[in-house]
Structures are given as structure tokens and as C-alpha cells.
Amino acid sequence: MNIKTYKYDVAVIGGGPAGLTAALAAARHGSKVIIIERNDYLGGNAVSGLPFLGFLDKQGRQVVGGIAQEMIDALAEINMSPGHNRCPLHNSVTIFHPDMFKVIAMEKCQEAGIHILLHSELVDVNVTNRHITQIAAMGKGMRIHVEASVFIDGSGDGDMAYLAGCSYEMGQPDTGIMQPPTLMFSLGGFEEDKFFKYLDEHPEDLQPSESMQVSKGYNTAYFKSHPSYVFLGLRSRLAKLREEGKNPLTRYTLIYINSVNPGQIYINTTRILNFDGTDLEEFTRGAFVGMKQIMELTSLLKNEIPGFENCFILSINPTIGIRETRRFSGVKRLTIEDVVKERIPLDTIALGSYKIDIHSGLDDSTMLTDLEGPYGIPLGCIISNEIDGLLFSGRHISMDALALGSVRVMPTCMAIGEAAGVCAALAVECGVLPSQVPYEEVVNQLKKDKAILSI
């Protein structure tokens, strides 16, 4: 077997939104960085067609800046994103071209001097005296050994933390079931004007679930006002079709995201119930169930919903989009009480403001609860309290399951990632552990880098 060994200041596992920003921040502040990604691209769920939710709070105030905003600015410069749009349902929506996000992510990493390894899956973590001494990844028959001063787990599922033996929690408090994943896909040939005309004639299909809090103005006038929008509705029509035996799905809500490409939309409707995103067998089942739902939903829309008659499948996302898996133990823990009481402590390294959005893993229901303003995510939530030199970046940070319902959106995870990268670089520079870096230094550097830490 071909084996290569590398030594870096900072090693980042996962090149999704949270891992990407962590790597960029660490490299820009002087660290020698490697990023290991299992896919053949950087970006993770940011390249699935999902929009960015959570750049703005309910009041329209921007709560995420820094590298996340830099990415949108770069996309806007080439007309691949129309920017942020306030939303009566989601607070804000920011659409962008997913493939161009891939390109810009790669370019920025190369500019920062980051060593990128794609097609590489983490397979082993060696721990001695509470410290990761080496990790191993494999791809194409090659085994890669990496030593580093600081390791950042940006895998989403916390794969590195798991292999290191860290404690974790999974599942919602009432059921123990995790939020279900979605297999995203895109349709071409969508006739927006025809669909909007149908909605104007059937306003009952603009009503989301009773468990969702929606401000006034979620209507076709809003959809027409700005290209960054997400449609969520058709509950009345889909329920009626179910009664008539024409809807084979158990879902009564269509969710689609508008695109920068005319006639193209991204569908976020498939739901794979009772799913465990840490189980390989489940991924195989999920792929089959997701594709079956895609075919059934596409046929249903073409046959029954005005504006979809000429639609065709343009693409199916290569990976299932996971909402929830492991959450690890940190120096601090973010709770739902911190979120709803909008606490912003002195050691805040990122703000969150997206609604508490919890999809049921058992049925079609979704709880979407308003937050009036932002809350702060403390530095200690991204620092492992069990493994020295290990930082968490993304939806597996130290928090409870209900707080995850808000934190898990991509802009918030990107802000968390940037903080992890800054903390790692400061630790390397000073020759200390991340837990020994004064929070004031992390906070001050993030502010210099245009992160938003207060309103």
C-alpha cells in the first residue's frame, strides 16, 4: 500500500461550509493547513441547491458576515447570486449558483495556500494522553497519515471526534429520533408565472403548516419581488390528491428554492423517515427511498400542478442532505434556553438567528418557531472538553437537540467555522492548546475580519 505522511499546523476534516471557512480562516492567519474531503469538490450541502438561510434575523438585521458574506459577494460579482432577501417565513433567503460556489471555494483555498485532498475518507484517529497524534485517510488505494498541532472536525457528523472516542448525543428529546434527511434534486422547464397564477386563484395553497409561524406577506407578490425566495405550500392541493388516490407520497408540502437559472428550481421535499445518518446501511436505504420519492413527486407535479407540466429532472444531488446526527461534548454547551432568551455572552464567536426549525423524523410535520433576535454561540461550544487540540466546526458542536434546530443552517455553521479557524491559528502561533487561547483574542480577531458578533 502506498502511504504518505504529512505534518501541518492545522488539519481540517470536511470541506463543507463549516470546514471550508475553518480552513480559510486558519490559513489566512498564518497556519499551514490541510483540508481532507471525501467528495470530489468543496462545499458540501452548499452545492446541493439549498439556499443560505440565516444571514438576517427576523428584524432584517444582518447577523453573519466574515467569510460567509465574502463568498456571497464573490458570487454576486459574477451575477451568480442576487444577494439576501428578507422572508416572512424564513427571515431571509439567499440563493446562489451551487456549481459556481464549488469553483470559488476551490479558488479561495488555493489562494490561501491550503493543501486540498479530495476523494479522501477519514478512517482512523490515534489518541495518546488526550491528544490526537495522527489521523489517517484513504482514497484510491492510498493511505494518508496527517500529524498536526490542531485538528478541526468539520465533517458535520463529527466523524473525527467519534473515532477519537469523544462523548456525544443523538436524537430529539421527545422521540430519540433524528431529524430526517432530504435528497435534493432540480427541475427544469418550470413555468413560474403559470404557477403564480394558480396560487393567486387558490390562496389556500399558500398556507404553510399550523406549526409554522409566518409573518404577513408570504404571497406571490413577495415571490415576484426578489429572485431569492423559497416556496413552501400546496398543502391543501396535495392533501386532496392524497384523498383521491393520486398522491402516493406521505408529504403534504412542496418546498422549492428558486434558482439563478431561468426555469430551474431546486426541490427540498423528499423526506426519509426513521433515518440514522451515521449508519452506512441507512445511506443505501435512503438513496433508494429518496430516488423513488423524486420520481413519484416529479410525475405528480407534472400531471396535477399548473406550471409544472413541462418539467424534467435536471439533476439529483450526489449525496443525501443530513440535518442531524451526533452532537459532542464541549467546554460549554448551548441550550434551547440560551437560544430563546437570546443570550449573547462575552465569549460569543458567532451569532445565530434562524428560526427553530425541526423536521419530524416520524411523519410529515415540521415545527418552525420564531426568534425575535439573535443569540450568541460561545467559544467553549467548539472546543472539545475530552481531547486536547480538537475543535468542532458545524452542526455537531456542543449543544442540545432543540438548539440544533436553529444552529444547523449553513451561514451560522460558516460563522462557527471561521471562529474555529481563528482559534486554531492563534493556538498555533502562541504554542498553546485552543482551550488556552483567551476568548478576547479570538473575538477581537473575528471583529477585525468583519465577523458580526453583536447587533
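Let me start with Cys 87, which is buried, with a relative accessible area of 7%. Please bear in mind throughout that we are looking at a predicted model. Does Cys 87 have a partner, and what is the count of disulfides in the structure? The structure holds 0 disulfides, and Cys 87 is accordingly in none. The nearest cysteine sulfur to that of Cys 87 belongs to Cys 413, and it is 19 Å away.

Cys 109 can be treated in a similar way. Its sulfur lies 17 Å from the closest cysteine sulfur, which is again in Cys 413, and that is too far for a bond. A disulfide requires the two sulfur atoms to be within 2.5 Å. As for its surroundings, Cys 109 has a relative accessibility of 0% and therefore counts as buried.

Cys 109 also brings us to the helices, as it is one of the residues of H3 that contact H1. Two packed helices are described by the angle between their axes and the distance between the axes. Helix H1 covers residues 17-28 and helix H3 covers residues 98-111; their axes come within 10 Å and cross at roughly 25°. Because angles under 35 degrees count as roughly parallel, H1 is roughly parallel to H3. The crossing of H1 past H3 is left-handed. Which residues make this contact? From H1 they are Leu 20, Leu 24 and Arg 28, and from H3 they are Phe 101, Ala 105, Lys 108 and Cys 109. By character, the residues of the contact of H1 with H3 comprise 5 nonpolar and 2 charged, with no polar ones.

H3 has a second neighbour to discuss, helix H2, which spans residues 66-77. H2 and H3 pack with their axes 10 Å apart, at an angle of about 120°. Here the crossing is right-handed. On the H2 side, Glu 70, Met 71, Ala 74 and Leu 75 take part, and they meet Met 100, Phe 101, Ile 104, Ala 105 and Lys 108 of H3. The residues of this contact of H2 with H3 divide into 7 nonpolar and 2 charged, again with no polar ones. Phe 101, Ala 105 and Lys 108 of H3 appear in the contact with H1 and also in the contact with H2.

I turn now to the backbone. Most residues other than glycine have a negative phi. Lys 140, although not a glycine, has a positive phi of about 55°. Where does Lys 140 lie? It is in the loop between strand S8 (131-139) and strand S9 (142-153). Lys 140 is exposed, with a relative accessible area of 79%.

Glu 342 is likewise not a glycine, and it has a positive phi of about 55°. Glu 342 sits in the loop that runs between helix H9 (336-340) and strand S17 (348-352). With a relative accessibility of 31%, Glu 342 counts as partly exposed.

My last residue is Phe 185, in strand S11, residues 185-188. Is Phe 185 buried or exposed? It is buried, at a relative accessible area of 1%. Leaving aside residues up to four places away in sequence, Phe 185 touches Ile 265, Tyr 266, Ile 267, Thr 270, Ile 294, Leu 297, Thr 298, Ser 315 and Ile 316. Leu 334, by contrast, is 149 residues from Phe 185 in sequence and 33 Å from it in space, C-alpha to C-alpha.

Technical notes. Residues numbered from 1 in each chain as written. Predicted model: local features only at pLDDT ≥ 70, side-chain atom pairs only at ≥ 80, totals over all residues. Heavy atoms only, no water. Axes fitted to C-alpha atoms, helices over the stretch in contact; angles between N-to-C directions. Helix = DSSP H or I, 4+ residues; strand = E, 2+ residues; numbered from the N terminus. Parallel < 35°, antiparallel > 145°, perpendicular 65-115°, else oblique. Left-handed = near helix turned anticlockwise from the far one by under 90°. Contact = heavy atoms within 4.5 Å. Nonpolar A, V, L, I, M, F, W, Y, C, P; charged D, E, K, R; others polar. Buried < 20%, exposed > 50% of the residue type's maximum accessible area, 1.4 Å probe, protein only.
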